[in-house]
Amino acid sequence: MASLRFLSLFLVLPIHIALFSSLCFAEDDTIFYDFKVSYITASPLGVPQQVIAINGKFPGPVLNATTNNNIVINVQNDLDESLLMTWPGIQMRRNSWQDGVQGTNCPIPSQWNWTYQFQVKDQIGSFFYFPSLNLQRVSGGFGPVIINNRKVIPIPFDQPEGDIIFLIGDWYTRNHTALRTALDSGKDLDMPDGVLINGKGPYRYNTTLVPDGIEYETINVDPGKTYRVRVHNVGTSTSLNFRIQNHNLLLVETEGHYTSQQNYTSFEIHVGQSYSFLVTMDQNASSDYYIVASARFVNESFWQRVTGVAILHYSNSKGAASGPLPEAPSDIYNQWAAMTQPRSIRQNTSASGARPNPQGSFHYGSINITDTYVLRSLPPVTIDGKVRATLNGISFVKPETPIRLADKYNVKGAYKLDFPNTPLTRPPRTDRSLINATYKGFIEIILQNNDTKMQSFHMDGYSFFVVG
């Protein structure tokens, strides 16, 4: 798809975030992790390159917790530049210091460490973590996050045999410093060199498109059993279609919310999104089966080599997978068909999540809207000699002092509370302009994408309600 312009509408309840460096409750368990972030040499697409590993592994380890656990993660930065780790989707309630983004935290200098402490309060679901500075995510440093239900609260489906995790995403054989230099000079990222599945390249389903000698992912399963498959798009800019040959994907959860259960033969997963499916191994195992992650909204014949392929192997399989890959849905003749799937996703409001009886509810038809903001994104433009993205004509400048610190210590001139609530006709500019929200009010935000590419928007620390 050459262009996808959309209008999204959601509500956000601004909540006061107290500035506590840690907030732990004695009655809740505490789990500890050590993350040593460093460079290693790997060849996910058959080309040796520098990647970012955690504890020597790429991708990083699973952060596995249970509702209300206190998490303590000591991060040692062995990179040659500053680092921040972020945990998107985790609601840093009364603890925004631990969010790990430029506007909240001071970066961890090279050869320093920082200990993150936060609670996964009243949360469940599938998420992932990654480094938030300097385009480092394009070189790795990411890993999955699982927050399990407490034992006293059942999940809204039969207990699966186990978890299968897929980290899928576009990948470049140039590292993040080279790509960052190209972007700063005004160049585009261009087409990625491939799509990885769990840090590995594609199975050689085609001897022309896929070179020999690439390590690929194999998932071993038993016939007749049902597994919970958690899929995360950890890439940089490419929307991906995920599918398992001859198997249905029963959607059950997305980023902390159980969903009404629906079957899909393939599923669109955009950058930053996480979904959880139940997959039953109900095939006859005449051979192994393809697991595919392929680019969407592109010239599919041109992007054919940018396809991730792994193997699903039954314990009684009779042979290797062969033949063509299962095809993704076509959007050539009906571009708006891409909106049908996300509109079909519904939250399962009858299922208990983190609480047996969730506290607080709203009559959404009678919410008193405090502020409305229309956020329009346009194609990147040149400002002061550099190519920059904008929202409402403003390209955000990294603050010298993190905004939360500036707020706490009343640092004058660190930022301005004058972000425009509608797009302006003035020339684009750089600024440290923030939305001035009303405490305990409801903000209505309309996302208007007038760029030529699909955009993913993330509201850090919030669970927003999509109304249109």
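Trainee: Which residue in β13 does Asp 163 stand opposite?
Mentor: We're looking at a predicted model, where local features need pLDDT of at least 70 and side-chain atom pairs count only at pLDDT 80 or more, while totals for chains, interfaces and linings use all residues. Residues are numbered from 1 along each chain as its sequence is written, and side-chain values use heavy atoms, leaving out hydrogens and water. Strands here are DSSP runs of E with at least two residues, numbered from the N terminus. In β13, the residue opposite Asp 163 is Arg 228.

Trainee: And how many bridges join β10 to β13?
Mentor: Two strands count as paired if DSSP finds at least two bridges between them. Phe 166 also stands opposite a β13 residue, Val 231. β10 covers residues 163-171 and β13 covers 226-233; they run parallel, and the number of bridges joining them is 6.

Trainee: In β18, what is the bridge partner of Arg 228?
Mentor: β13 also pairs with β18 (residues 274-280), this time in the antiparallel sense, over 7 bridges. Within β18, the partner of Arg 228 is Leu 278.

Trainee: How many of the residues of β13 are buried?
Mentor: Take buried as under 20% relative accessible area, with a 1.4 Å probe and protein chains only. β13 is mostly covered, and the count of buried residues is 7 of 8.

Trainee: Which strands stand at the edges of the open sheet of 6 strands?
Mentor: The order is β11-β10-β13-β18-β15-β16, with mixed pairing. Two strands have a single partner each, so one side of each is left without a neighbour in the sheet. Those edge strands are β11 (194-197) and β16 (257-264).

Trainee: By what angle are neighbouring strands of this sheet turned against each other on average?
Mentor: Strand axes are lines fitted to C-alpha atoms, and angles between N-to-C directions run from 0 to 180 degrees. For this average, direction is ignored, and the turn comes to 25°.

Trainee: Over in the sheet of 4 strands, what is the bridge partner of Thr 66 in β9?
Mentor: That open sheet is mixed too and goes β4-β9-β8-β6. β4 (63-66) and β6 (85-86) are its edges, each having a single partner strand, so each has one side without a neighbour in the sheet. β4 runs parallel to β9 (residues 143-148), joined by 4 bridges. Opposite Thr 66 in β9 you'll find Asn 148.

Trainee: What volume does the largest cavity have?
Mentor: On a 1 Å grid over the protein atoms alone, a cavity is a set of points where a 1.4 Å probe fits but cannot get out, and lining residues have an atom within 4 Å of a point. Grid points are joined across faces, edges and corners, and a volume is the space filled by probe spheres set on the points. Of the lining, 15 residues in total, Phe 142, Gly 169, Asp 170, Trp 171 and Val 234 lie nearest the centre, and β10 gives the largest share with 5 residues. The volume is about 70 Å³.

Trainee: How many nonpolar residues are in the lining of the second largest cavity?
Mentor: Nonpolar covers Ala, Val, Leu, Ile, Met, Phe, Trp, Tyr, Cys and Pro; Asp, Glu, Lys and Arg are charged, and the others, Gly among them, are polar. This cavity holds about 40 Å³, and its lining includes Leu 63, Trp 87, Phe 118 and Ile 147. β4 and β9 each supply at least two of the lining residues. With no polar and no charged residues in that lining, the nonpolar count is 8.

Key:
On a 1 Å grid over the protein atoms alone, a cavity is a set of points where a 1.4 Å probe fits but cannot get out, and a pocket is an open set with protein on both sides within 12 Å along at least five of seven lines; lining residues have an atom within 4 Å of a point. Buried means under 20% relative accessible area, exposed over 50%, partly exposed in between (1.4 Å probe, protein chains only).
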